[in-house]
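Trainee: Could we go through a protein model together, one feature at a time? I'd like to reason my way to each answer.

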Amino acid sequence: MVVATDMVDLAEFLALTRRRLGGTPAMVYFHENQVTYPRLRGTKFNSWFGQINYRSALAADAAAFNSEFHRADLLGAFRQLEREPNNWLTAEGIAAIAAKSLVLPVGV
């Protein structure tokens, strides 16, 4: 199994290693997320790392979170962003991520 942190672009990694890894299952582990991560005062939201979180969660077989707070926080942020114009999320994608998400506390 491939276990990747949320800072890895898992979708890209899997695309580049598909020949070698074949159907090896993959899980992304979120100890935080880049969509709701606090920004420095006066800086704008940069969606690049949020897009990596979204694509990684979509590409993974499982999306694990260190707490229910972080799971609900990211899914809620995705749902909020999906309603905004010119976004990169879909309701179907968010539902797929929610369906394969679980809480796996640190150290377990």
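Mentor: Happy to; what follows is a set of questions and answers on this predicted model.

Trainee: What pattern of helices and strands does the protein follow along the sequence?

Mentor: Start with the inventory: the protein has 4 helices and 4 strands. Its length is 108 residues, of which 37% are buried. Reading along the sequence, the pattern is β-α-β-α-β-α-α-β.

Trainee: In which order do the strands sit in the sheet, and which are the edge strands?

Mentor: The 4 strands form an open sheet with parallel pairing, in the order β1-β2-β3-β4. An edge strand here is one that pairs on one side only, and that makes the edge strands β1 and β4. From one strand to the next, the twist averages 25 degrees.

Trainee: Which residue of β2 stands opposite Thr 5?

Mentor: Strand β1 covers residues 2-5, and β2 covers residues 26-30. The two run parallel and are joined by 4 bridges. In β2, the residue standing opposite Thr 5 is Tyr 29.

Trainee: Which side chains of β1 point to the buried face?

Mentor: In a regular strand, side chains alternate between the two faces of the sheet. Strand β1 shows this alternation: Val 3 and Thr 5 point to one face and are not buried. The side chains pointing to the other face, which are buried, are Val 2 and Ala 4.

Trainee: What handedness does the β-α-β unit of β1, α1 and β2 have?

Mentor: Follow the chain from β1 through helix α1, residues 10-21, and on to β2. With the strands pointing away from the viewer, a path over the helix that runs clockwise counts as right-handed. The unit made by β1, α1 and β2 is right-handed.

Trainee: And at the other end of the sheet, which residue of β4 stands opposite Ala 63?

Mentor: Strand β3, residues 62-65, pairs with β4 in the parallel sense over 3 bridges. In β4, the residue opposite Ala 63 is Ser 101.

Trainee: Are α3 and α4 roughly parallel or roughly antiparallel to each other?

Mentor: Helix α3, residues 68-82, packs against α4 at an angle of about 170 degrees, with the axes 10 Å apart. Angles over 145 degrees count as roughly antiparallel. The contact draws on residues including Leu 75 and Phe 78 of α3 and Ile 94 and Ile 97 of α4. The two helices are therefore roughly antiparallel.

Trainee: Which residues of α4 are buried, and why do they fall on the same side?

Mentor: In helix α4, residues 91-99, the buried residues are Gly 93, Ile 94 and Ile 97. They share one side of α4 because they cover an arc of only 100 degrees around the axis. On the other side, the exposed residues are Glu 92 and Ala 99.

Trainee: What separates the C-alpha atoms of Asp 61 and Met 27?

Mentor: Asp 61 is in the loop between α2 and β3. Not counting residues up to four places away in sequence, Asp 61 touches Thr 24, Pro 25, Ala 26 and Lys 100. Asp 61 and Met 27 are 34 residues apart along the chain, and their C-alpha atoms are separated by 5.7 Å.

Trainee: Last one: is Gly 107 buried or exposed?

Mentor: Gly 107 lies in the segment after β4. A relative accessible area over 50% counts as exposed. For Gly 107 that area is 82%, so the residue is exposed.

Notes. Residues are numbered from 1 along each chain as its sequence is written. This is a predicted model: local features need pLDDT of at least 70, side-chain atom pairs count only at pLDDT 80 or more; totals for chains, interfaces and linings use all residues. Side-chain values use heavy atoms; hydrogens and water are left out. Buried means under 20% relative accessible area, exposed over 50%, partly exposed in between (1.4 Å probe, protein chains only). The arc is that of the directions from the helix axis to the C-beta atoms. Two strands pair if DSSP finds at least two bridges between them. Axes are lines fitted to C-alpha atoms, for helices over the stretch in contact, and angles run from 0 to 180 degrees between N-to-C directions. Angles under 35 degrees count as roughly parallel, over 145 as roughly antiparallel, 65 to 115 as roughly perpendicular and the rest as oblique. Contact means heavy atoms within 4.5 Å.
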